[in-house]
Structure formats: structure tokens, C-alpha cells
Amino acid sequence: MRRWRLYLAGLMPVLFLAGCSSDQGLSNILFAVTSQRLVFVSQRHGPVQAYRIQIDGQDFIQVSHTTGNVYAPQWSPDGNRLAFTSDIGVPSTGTDIFTVSPDGTDQVNLTQTPDVYDSDPSWSPDGRTIAFTSSRDSDYEVYVMNSDGSNPRRLTTRPENDGGARWAPTGDWISFSSSVNDTAELFVMRPDGSDQRRITRSRTADFDPVWSPDGSVIAFWGRGADTTQIYLASPLGTSETPLTNNPNSAREPSWSPDGERIVYSSDDGLHVIRRDGSDDQQIPGTGRRDHTPVWSPDGRWIAFVNNEDPNNFEVFIMRVDGSERQNLSQNYYVDKSPAWEP
């Protein structure tokens, strides 16, 4: 964002010399200049595909072009590529992992494994490696490969299903989920598969681990006594503590860029809470049909999904205080899985 600040510093004298006639006009210009982009998946043209859009609604294009449905696109750390999972389609079954340029060109199938499920790609912080889940060795295991699809290698060897790998921002750990007594628990390991350790012992399923920006803690959600709540766990396996105590449940955590707050979804709307568990506040104007929140890299926006109509999922953005709520996708049926450009 530094380049935008420098650009704005140079732009401001020009705006005033041009005699901008109103604060609203200036606001619209600045909004366009600082516009960020995100991707989401949509069913608007048949199979679910990935689309890119600016937060001002401009520059809307289809990014992926596959014969099957596309799932959860993820930006590379430098913003130059997107990785996603797509169904292979008949006559084969299974899924493959693809990458594509954000302008929709140079789409590449990285895995090319008919009748195998390769899914859930996660970029390493340096963008050189992708962790993913694969069924190529009978059960589901965590693998890594080079970002061009070369040199795939298996990291987990547990007899239970393993998957959902997520890189720590520091690059020295990978978190993943594994079945323990038919319950999903969280583990971490080194990028070469060594030093595997279990970090949750809740005896109930744990979901959606997300690393803090400094890599010191993992937020996730799981079931408490009567409701789902968000917890924090050390990657060293030395602590596991509840963060929320929401009577309406808490799930789907997303960290603020500075690591000081978490936005999450609840049965009564979207909430923001501090890292130490204090100041849990519902975002004004949100309700039970708002979910899947994702904090923007500049800390000013939250993208989320709304389905007031149970058959219609739309991607929205809003300010952290709930203001400037906008429907970005504006299409009936499925629009979901928003992901911000780094």
C-alpha cells in the first residue's frame, strides 16, 4: 500500500488545483484510485468459475476457464497467480489443482491426476511451493509441490485422513487437520514433514485454522459445551485457550492485518473481537445471514457472503464499522469464497 500513499501524495495538489467542487467528488476519485481487488467464485455462466473484481465494482472479468466447478481460489503472495481446485469432469472423476494469471491468461493444470482428488492449495510465503491435499496414495494426505507443479512429495503418513494444510506466514510451519478417533484435530509440521505434533485435544471437531500475521498463534473454531466457539492454539502445542464466549456461537475467524483483532461469524451477525478476548462487538447492520468474513490487507474493509435468500449467495464488502455495505457480485444463485489480492 505504500505505493498508493506516494501516488496520493502526488495527486492531492492536482486535485485542488483542478478545483474539485465537492467532498463527494473527491471521495469518489480517491475511492477509485485506491481500489483493491478480490476474487470469488460464481455460478453465473454455468459451472462455478473464479471471477475478479475491484471493490468499486469495476474491472470485472472471468479468471478461470475449466469444464468443472472451481473452488476457493487463493492468491499467490506476490499477487501474480491464483491457485484453485476444479473438478476434472467426465469421463474421469476427481479434482485437479490449477494456477492462472489474474487477467485470466496462462491457465495451467499442475496435478493432472485422473480419478484422484488433488485439492485445497496453499501457497508458501515465498510463493515457490504449494501445499495441497491428495488421495493419490489411497487415503488423503498432505503433499507439497513446486509452484509449477513439479516435484510433488508426500509429507504426512498417518493412517488417518490428513488435509487442509496452511502455511505459517513465517514459512517455518504448516498446519493441517487429521482424524483422531473420528474427530478432526489440528497438527503442525515443518515444511519437509518433520516434527509433526498435535496442537488441539478438544475431543470435538476443530475447523478452519488461520495463522496470526506474526505466525505466533492459530485461531480455529470448534464445539464447546453447547455452542461453537473460537479458540487460540500455540504451534508449539503448549497452549489451547478459548477466545470467544458468545451465547450465539462463533466460527469462521479471520485476522486483521495487524494481528490485533479477529472478525468472525455468529448466529446473530458478524463480530470483531480483540486478540486477548476483550471488546467483542457485533458489527452494526449485520445479521445471521452474513458469514464467511475476510479482512482486507489494508485493514479497512471486510468481505463476506450473505444469503438472505437461501438459494442466493452474494459477495459483499463493508467498512469494519459496518458502513458502506455493498453487494459486489449482484447475481442470483452461487457467489462465494471471496479472497483479497495481497
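The following dialogue explains how to read several features of this structure.

Reader: How is the model to be approached, and what is its mean pLDDT?

Author: This is a predicted model, in which local features need pLDDT of at least 70, side-chain atom pairs count only at pLDDT 80 or more, and totals for chains, interfaces and linings use all residues. Residues are numbered from 1 along each chain as its sequence is written, and side-chain values use heavy atoms, with hydrogens and water left out. The term pLDDT denotes the predictor's confidence in each residue, from 0 to 100. For the protein chain the mean is 88, and 88% of the residues reach 70 or more. Over residues 1-34, however, pLDDT stays under 50.

Reader: How many helices and strands are there in the protein chain?

Author: Helices (H or I, at least four residues) and strands (E, at least two) are DSSP runs, numbered from the N terminus. The protein chain has two helices and 28 strands.

Reader: With which strands does β1 pair?

Author: Two strands pair if DSSP finds at least two bridges between them. β1 pairs in the antiparallel sense with β2 (residues 49-54) over six bridges, and V39 stands opposite R52 in β2. Six residues lie between β1 and β2 in their hairpin, and G46 in the turn has a positive phi of about 110°. With β28 (residues 335-340), β1 forms four bridges, again in the antiparallel sense; S42 has D335 as its bridge partner in β28.

Reader: Are the faces of β1 buried or exposed?

Author: Buried means under 20% relative accessible area, exposed over 50%, and partly exposed in between (1.4 Å probe, protein chains only). In β1, R37, V39 and V41 on one side are buried, as are L38, F40 and S42 on the other.

Reader: Which residues make up the largest nonpolar core?

Author: In soluble globular proteins, nonpolar side chains tend to be buried together. A nonpolar core is a set of buried Ala, Val, Leu, Ile, Met, Phe, Trp, Tyr and Cys residues joined through side-chain atoms within 4.5 Å. Here the largest one has twelve residues: V39, V41, V48, A50, V63, V70, W75, L82, F84, F98, V100 and A339. At least two residues of this core come from each of β1 (37-42), β4 (70-75), β5 (82-87) and β6 (94-100).

Reader: Why is one side of β16 and of β19 left without a neighbour in the sheet?

Author: The open sheet has four strands in the order β16-β17-β18-β19, with antiparallel pairing. β16 (206-211) and β19 (240-242) stand at the edges with a single partner strand each, so one side of each has no neighbour in the sheet. Three bridges join β19 to β18 (residues 228-233), and L232 has T241 as its bridge partner in β19.

Notes
Contact = heavy atoms within 4.5 Å.
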